[in-house]
Amino acid sequence: MTCGECAITLEDVTIQLGVPISGPLIIAQNKEAIEITCLRYLGKVPEKTDYDRKRVKLTWLKSAFQLDGNPTDREVDCVARAYILLLIGGMMMSDKSSTMVHTQYLPFLSLSWKAGAYSWGSTILTFLYQEMCKAAKMSNIDGQVLNADNGGYMVLLQSLA
């Protein structure tokens with residue numbers, strides 16, 4: 001890099017977020033229908049208005065998953081997965097809409113004792129760089145701005161400013 005340039009590194013991610021950067025990579029290839037994925041990992045199926053392709057609305061995750069009374073272990077697990085998915089979509093790997101999250105991360109949250117073994121830091125950093133690349137491609141042939149919004153964990157980007 002030339003003088004005055006800097007980049008976000010995996011070390012920055014682990015120091016600022018406290019997430020692991022070593023371990024198996026998260027390679028999401030969920031080919032199941034969203035209804036099957038949500039039922040398997042969350043115990044509920046969203047209404048047609050609460051999802052788009054493989055993404056669910058964050059508002060559905062907030063409203064549909066509450067604990068009350070005497071919850072079973074399965075209900076506690078499902079609410080915990082929904083909460084973590086809400087954090088992923090709302091903060092750590094938010095797309096430019098900031099209203100939906102991809103369900104591809106749910107299989108990595110299926111066993112709570114194993115979820116922390118994955119390299120979440122490299123996934124978060126990769127997602128941020130992908131979103132930055134999308135934002136950089138922001139003009140068409142006429143020079144009109146098409147996609148100036150950015151997604152990803154913006155706190156990492158702001159910390160370099």
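This is a short tour of a predicted model, moving from the whole chain to the nonpolar core and then to two residues of interest.

Begin with the whole protein in cartoon view, where seven helices and three strands can be picked out, and trace the chain along the sequence to follow the pattern α-α-β-β-α-α-β-α-α-α. If you then switch to a surface, the accessible area comes to about 9800 Å², with 57% of it belonging to carbon and sulfur atoms. Of the 161 residues in the protein, 35% are buried, and among contacts between residues at least 6 apart in sequence, 63% join residues at least 24 apart.

Next, select Leu42, Val56, Leu61, Phe65, Ile88, Tyr105 and Trp120, which have the most contacts inside the largest nonpolar core, a set of 36 residues. Colouring by helix is useful here, since α2 (34-42), α3 (58-64), α4 (73-92) and α6 each supply at least two residues of this core, and α4 gives the most, with six residues.

Now centre the view on Trp120 and show what surrounds the residue: beyond its neighbours within four places in sequence, Trp120 is in contact with Val19, Pro20, Ile26, Ile88, Met93, Tyr105, Phe108, Leu109 and Ala115.

Finally, move to Thr123, which lies in helix α6 (residues 120-136). Is Thr123 buried or exposed? Its relative accessibility is 11%, and because buried means under 20%, Thr123 counts as buried. Setting aside residues up to four places away in sequence, Thr123 touches Ile26, Met93 and Tyr105, and each of these three is also a contact of Trp120.

Definitions and conventions
Residues are numbered from 1 along each chain as its sequence is written. This is a predicted model: local features need pLDDT of at least 70, side-chain atom pairs count only at pLDDT 80 or more; totals for chains, interfaces and linings use all residues. Side-chain values use heavy atoms; hydrogens and water are left out. Helices (H or I, at least four residues) and strands (E, at least two) are DSSP runs, numbered from the N terminus. Buried means under 20% relative accessible area, exposed over 50%, partly exposed in between (1.4 Å probe, protein chains only). Contact means heavy atoms within 4.5 Å. Accessible areas come from the Shrake-Rupley method with a 1.4 Å probe; for residues, only the protein chains shown count as cover. A nonpolar core is a set of buried Ala, Val, Leu, Ile, Met, Phe, Trp, Tyr and Cys residues joined through side-chain atoms within 4.5 Å.
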